[in-house]
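Let's look at how a few structural labels are earned. Have the sequence and the model at hand as you read.

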Amino acid sequence: MNIAVIGCGNLGFSIAKGLANKQKEFDLNITATDPYADLDKIRAIGINASRENSEVVKSSNMIFLCVKPWVAKDVIEEISPFMNNSQILISPVAGLSIDQILGYCSKKISVFRIMPNIAASINQSTTCVSCYAEDDVIQETLKILNILGKTIVIEESRINSATILTGSGIAFVLRFMRAMVEGGIEIGFKSDIANEIVAQTIKGTVELFMQEGTHVEQLIDRVCTPGGTTIRGLNEMEKNGFSSSVIEGILSAYKVIAK
């Protein structure tokens with residue numbers, strides 16, 4: 001399968017790299033295009049690179065549109081004449097609806113609106129998906145999207161919400177990690193040791209949560225003992241607005257994209 005990745009910023013490059021990691025296994029021929037990116041850096045991950053969208057689009061079965069929202073319309077109108085009805089357009093462009101994409105494109109193509117995150121580069125993205133396509137095309141496309149990590153099909157009306165939980169969410173988690181590391185330094189660890197402890201603790205927590213499939217509060221209860229250190233720390237965090245600040249941060253971020 002021939003795949004084009006148009007736009008190689010942070011997210012586009014992450015998607016291209018994740019696909020490149022599995023290109024032999026899935027028999028993929030990947031080409032990334034970008035007018036400004038370092039093409040040698042793109043080629044270094046084992047894929048083709050170009051500055052010409054039209055030539056790459058002509059020969060592609062699947063096209064990832066990884067451009068900024070304010071140039072998306074122009075790029076779609078640029079490549080539309082070179083597309084055909086059997087092609088699949090996949091867009092992680094924030095705020096750009098399937099109807100808008102179809103309106104900008106002169107062809108009756110299959111359209112997938114996705115929201116992954118930069119963990120796609122190591123095939124660990126959470127990718128939320130909604131689509132306008134036939135069932136056989138949906139299955140074919142999900143097989144490719146699953147290369148990037150875990151794929152969750154949702155209603156398009158929830159894609160903006162997914163943008164916050166998965167796209168922005170990775171930064172929220174990293175900020176929490178940074179706070180834990182700084183706390184670890186406060187209580188005596190060197191920064192490299194604190195980083196290692198925090199990273200493995202979070203990795204183990206996620207694996208435990210996913211494997212047991214229980215409610216987070218049940219796991220918290222297993223760590224807390226009466227009068228112990230954990231409940232004291234949690235109560236102090238809540239006194240300082242930990243949960244409410246996270247929720248308000250998510251709501252505030254959502255308001256930006258929901259305008």
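Angles under 35 degrees count as roughly parallel, over 145 as roughly antiparallel, 65 to 115 as roughly perpendicular, and the rest as oblique. This is a predicted model, where local features need pLDDT of at least 70, side-chain atom pairs count only at pLDDT 80 or more, and totals for chains, interfaces and linings use all residues. Residues are numbered from 1 along each chain as its sequence is written, and side-chain values use heavy atoms, leaving out hydrogens and water.

Q: Why are H7 and H11 called oblique to each other?
A: Helix H7 (residues 159-186) and helix H11 (residues 242-257) pack at an angle of about 135°. That value falls in none of the named ranges, so H7 and H11 are oblique.

Q: Which residues of H7 and H11 make the contact?
A: With contact meaning heavy atoms within 4.5 Å, H7 contributes residues including Phe 172 and Phe 176, and H11 residues including Ile 250 and Tyr 254. By class, this contact has nine nonpolar, three polar and no charged residues (Ala, Val, Leu, Ile, Met, Phe, Trp, Tyr, Cys and Pro count as nonpolar; Asp, Glu, Lys and Arg as charged; the others, Gly among them, as polar).

Q: What makes strand E1 largely enclosed by the rest of the structure?
A: Buried means under 20% relative accessible area, exposed over 50%, and partly exposed in between (1.4 Å probe, protein chains only). Four of the five residues of E1 (residues 2-6) are buried, so this strand is largely enclosed.

Q: How do you know that E1 and E2 pair?
A: Pairing takes at least two DSSP bridges between two strands. Five bridges join E1 to E2 (residues 29-33), so the two strands pair, and they run parallel.

How values were computed: Axes fitted to C-alpha atoms, helices over the stretch in contact; angles between N-to-C directions.
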